[in-house]
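Biologist: I am new to this structure and would like a close look at a single part of it. Please take the sheet and what packs against it, and explain the terms as you go.

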Amino acid sequence: MDEDSSLVRDVMVRTTDGLGPLPDLVPGAVTRGRRRRARARLVVTAGAFGAVTLVTLGTAALAGLGPGSDTVPFDTGVAAAPYRTPVHVAPTGGPEEEGSLTGLPADERRRLEDFQQRAAVALDEALPDEVGMIRPLDSSVALYQGERDGNVFLVNFTVRPLDGQAARACRSIPAKRLTCEKRQLTETVEASLRVAAVNSPDTTSTSISFDFGNSTALIDVSPDEGKGVSAPVTARQLLDGVRESGLLDVVRYADEHPVLEKQVSVRGG
């Protein structure tokens with residue numbers, strides 16, 4: 001092994017060893033924790049390799065290694081993420097969808113598409129693997145989709161300015177297979193967790209809603225109704241996933257730089 005190779009290996013080993021063991025996680029978050037730690041190791045190791053390369057090859061050699069067509073910039077200080085090809089939705093000719101991306105000025109459409117990319121990655125971190133890899137829909141900034149084992153799960157992710165209306169009451173209705181409970185998402189944010197039957201008592205959706213800053217946020221995972229498969233995420237998994245992923249950073253961005261207009265009817269809070 002030559003001197004440069006030895007130096008690279010030494011830096012990589014010392015850097016990744018410093019990450020320490022995984023903390024104790026609730027069962028539903030273990031898989032997500034492993035995936036995030038693997039990504040963290042990849043980023044740190046790449047950084048260590050870059051530092052050694054900078055010493056050995058010089059800064060000029062790195063000039064062509066900036067973000068390319070496979071990365072999407074996002075102006076929150078969060079690192080660029082691999083691009084996820086949006087799911088195409090053919091126009092139906094009906095009323096325009098909420099958060100529609102059609103007819104927007106080029107700069108605004110680009111901003112919302114960048115937002116979708118970051119949101120898709122954060123949703124992927126927050127949701128269990130059973131939902132599948134999350135991709136944005138090209139029809140609306142609020143719609144995303146996961147697919148796993150032939151099952152397709154629509155994910156509705158909205159962050160909109162508060163409208164002054166009272167939030168929907170959090171109550172359970174067993175006869176309708178609707179359960180709702182309040183839980184602390186953070187020290188200052190209380191969330192409503194709902195599991196509700198959708199068009200059949202055998203298929204359910206799972207959602208979380210909460211107020212954040214001057215906005216109200218909703219993440220709703222729908223079942224695959226055609227297959228009769230419920231949303232493969234429990235209310236507790238959704239709560240832990242939102243808390244432990246980067247999703248609140250995305251919510252914070254949308255609170256400070258709105259991506260949707262105020263709700264015109266009673267919100268789901």
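Modeller: What follows describes the sheet strand by strand, then a helix that lies across it, and then some charged pairs.

This is a predicted model, in which local features need pLDDT of at least 70 and side-chain atom pairs count only at pLDDT 80 or more, while totals for chains, interfaces and linings use all residues. Residues are numbered from 1 along each chain as its sequence is written, and side-chain values use heavy atoms, with hydrogens and water left out.

First, the setting. The chain has 5 helices and 9 strands; helices (H or I, at least four residues) and strands (E, at least two) are DSSP runs, numbered from the N terminus. Along the sequence they follow the pattern α-α-β-β-α-β-β-β-β-β-β-β-α-α. Of the 269 residues in the chain, 39% are buried; buried means under 20% relative accessible area, exposed over 50%, and partly exposed in between, with a 1.4 Å probe and protein chains only. Among contacts (heavy atoms within 4.5 Å) between residues at least 6 apart in sequence, 62% join residues at least 24 apart.

Now the sheet. Its 7 strands stand in the order E3-E4-E5-E9-E8-E7-E6, and the sheet is open, with antiparallel pairing. Two strands count as paired if DSSP finds at least two bridges between them. In general, strands of a sheet pair through backbone hydrogen bonds, either parallel or antiparallel. At the edges of this sheet are E3 (133–136) and E6 (178–184), each of which pairs on one side only. On average, neighbouring strands are turned by 20 degrees against each other, direction ignored; the axes behind such angles are lines fitted to C-alpha atoms, for helices over the stretch in contact, and angles run from 0 to 180 degrees between N-to-C directions.

Start at the E3 edge. Strand E3 pairs with E4 (residues 143–148) in the antiparallel sense over 4 bridges. One pair of bridge partners is Pro136 and Tyr144, the latter in E4. The two strands E3 and E4 form a hairpin, with 6 residues between them.

Strand E4 also pairs with E5 (residues 151–161), again in the antiparallel sense, over 6 bridges. Here Gly146 has Phe153 in E5 as its bridge partner. The hairpin of E4 and E5 has 2 residues between the strands, and in it Asp149 takes a positive phi near 55 degrees.

Further along the order come E9 and E8. Strand E8 (residues 204–212) is joined to E9 (residues 215–221) by 7 bridges, and the two run antiparallel. Within this pair, Ser207 stands opposite Asp220 in E9.

Thr204 belongs to strand E8. Its relative accessibility is 9%, so Thr204 counts as buried. Leaving aside residues up to four places away in sequence, Thr204 touches Arg177, Val195, Ala196, Ala197, Val198, Pro223, Ser230 and Ala231.

Next, the helix against the sheet. Helix H4 (residues 235–244) lies across E6, E7 (190–197), E8 and E9, and runs at about 40 degrees to E8. Because 7 of the 10 residues of H4 are buried, the helix is largely enclosed by the rest of the structure. The buried residues are Ala235, Gln237, Leu238, Leu239, Asp240, Gly241 and Val242.

Last, the charged pairs. In general, side chains of opposite charge can pair when their charged atoms come close. A salt bridge here is a side-chain nitrogen of Lys or Arg within 4 Å of a carboxyl oxygen of Asp or Glu, and the structure holds 8 of them. One of these joins Arg252 and Asp249, at 3.0 Å from N to O. Both residues lie in helix H5 (residues 247–256), 3 residues apart, about one turn of the helix. Arg252 is partly exposed, with a relative accessible area of 36%, and Asp249 is partly exposed with a relative accessible area of 36%. Elsewhere, salt bridges that share partners join Arg236, Asp240 and Arg243 into one network.

Another salt bridge lies in helix H3 (residues 106–126), where Arg110 and Asp107 are 3 residues apart and so separated by about one helical turn. Their side chains meet at 2.9 Å, N to O. Arg110 is partly exposed, at 44% relative accessible area, whereas Asp107 counts as exposed, at 57% relative accessibility.
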